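Dear colleague,

Please find the structure that I am handing over to you below. My findings follow directly after it.

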Amino acid sequence: MTDRDGPAPLHLRGVTKRYGEVVALDGVDLEVAPGLITTLVGPSGCGKSTLLGVVAGLTAPTAGRVHLGGRDVTELPAERRGVVLVFQEHRLFPFLTALEDVAFGLRMRGVPRRERERRAATMLERVGLGGLGSRRPAELSGGQRQRVALARALVLDPQVLLLDEPLASLDPHLRDGLRELVVELQRERALTTLVVTHDREEAVVFGDRLAVLLDGRLHQHAEPRDVVERPATGEVARFIGATEVLPGRRTGDRVTTPVGPLPLPVGVPGPGGRAAAGAEGAEMAEPAKGAEGAGGADVEVVLRRDRLRLRAAEAATDSGPGAPDDVRSERCLLAGRVAAARYLGTRTRVTVTIDGHELTVEAPSAELAAFGAGAAVTLKVPAEAVWLVPAGPSR
Ligand code: ADP
Ligand code: MG
C-alpha cells in the first residue's frame, strides 16, 4: 500500500453500528480531509472508538460503507486497508525491545531482518528515541511508550493514521510535546489522520478539521474556529463550552430572551435588511424560518462568554440598560449583579445574575479584576457575541 498518488481520501457513508439496543453510531456521514488532521471529539461513550474501529476494519458496521482512497473497503480485512490504529494504552509487547516492537509489523510483512531493523531504527530516531531501541516497555516512561507505539504505526507507511485518545494517558506537561510530534510526523507525510479525543480544548487546537460526535450522531464537521464560533446545534455549543445557551424567539431585528432583547448575530438581516447576510448567516437562519409567521421563530441563543463585556453600573447612563436603541445599535446592555468571580490565572470568570438568570463572562484577568461578588454591573452583549441555532433536539 505504499504506491499512491497523494493523500488518501476517507469517506464514511451512513455508518451505523448497533450493539443490541445500544446505537453506538447512527448514520454517520463523514468525509475526512485527505492529507490533514481531523479531530473527532465527543464525550465518553458517544461512539468515537467504535468509529475508528469501523475505519480500521476491526468492527463491522451494522449499515453503511467506508471508502478509502476511492475504493469501498467495507468488506476488506483490517490488514489489507493500509490503515493503522494507535490506541490510548500503547499495547506494546512486554517481551520485545522498542526496536523489535517497531520492526514487528515489517516482519509480518516479510521484510528481511536487516532492512526492517534499519527502518525501525530510523523511525525510533525520528520519534526521539534513538538511544533507547534496546529497552523493553517496563524500562520506558509512559510518554516514551506512546512514542514507540507511534513509530510502530508509522513504520508501516499507512495511508491513514488513526489515533484513539493518544495523549489521554500522559501527564499534562508531556501532552504538548507529543501532540507537536504527531503534527510534525503527519505534515512530513501529508498523512490523512483522524485523532479521537474527549478533551474539548485539545480538540480545538489539534486538528485542521473538527468533527463533533454526540450520542453516535455527527453534529458538525468544519474548521475548529467555525465549530467554536458558529456551532451547528445547541448541543455542540453546550459541549464545546465557553458559551451560554438561552431559549429565544426571533422577532424582527432582535431576538427575545429571558434576560431581555438581544441583537441578531452579525450578518443576519432583520426584516428591514439591516445587514447583508453572510453565507453562514443565511444557512443558520434557514431552519428557523418555518415558524416565523406565528410571531417569531423559536431558536436557541448562543452567547460567547469571551465576547460579553462588563462594566460598572454607573457607566451605563445614556439610554438606560436594555433600551430598544441599544438593541438597534447592535449593543445590548443588561443590568445585573455579580454573583461570583473566579480567578483562573491569566483569565477570570465572572457570573452575573440578571433577572434571576445567570450569565458568565470570561476575559483576561486584568479586565475583570475590579468585579467582586455583589457589585452592580452592566453586561454588554454585542452582536459579535450572539449566535442562533434552531431550537430543540437536532435532526
Ligand atoms: P467512546 O470511544 O466515544 O467512549 P465507544 O465507541 O467506545 O465510545 O462506545 C460507544 C457505545 O457503544 C457505548 O455505549 C459503549 O458502551 C457501546 N459499546 C462499545 N463497544 C461495545 C461492544 N463491544 N459491545 C457492546 N457495546 C459496546
Ligand atoms: Mg473510546
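The notes below cover the ligand site and then the nonpolar core.

This is a predicted model, in which local features need pLDDT of at least 70 and side-chain atom pairs count only at pLDDT 80 or more, while totals for chains, interfaces and linings use all residues. Residues are numbered from 1 along each chain as its sequence is written, chains are lettered from A and ligands numbered from 1 in the order in which they are written, and side-chain values use heavy atoms, with hydrogens and water left out.

Ligand 1 is surrounded by Y19, V22, A24, P43, S44, G45, C46, G47, K48, S49 and T50 (each has a heavy atom within 4 Å of the ligand). Of the elements (DSSP runs: helices, H or I, of at least four residues; strands, E, of at least two), β2 (22–32) and α1 (48–56) each supply at least two residues of this shell, and α1 gives the most, with 3 residues.

Polar contacts are pairs of N or O atoms within 3.5 Å. An oxygen atom of ligand 1 lies 2.5 Å from a side-chain N or O atom of T50, and an oxygen atom of the ligand is 2.8 Å from one in the side chain of K48. For C46, a backbone N or O atom is 3.2 Å from a ligand oxygen atom.

As for the core, M123 touches V102, A151, L154, V155, L185 and R189, leaving aside residues up to four places away in sequence (contact means heavy atoms within 4.5 Å).

Yours sincerely

Methods:
Polar contact = N/O pair within 3.5 Å; in protein donor to acceptor, adjacent residues only side chain to side chain.
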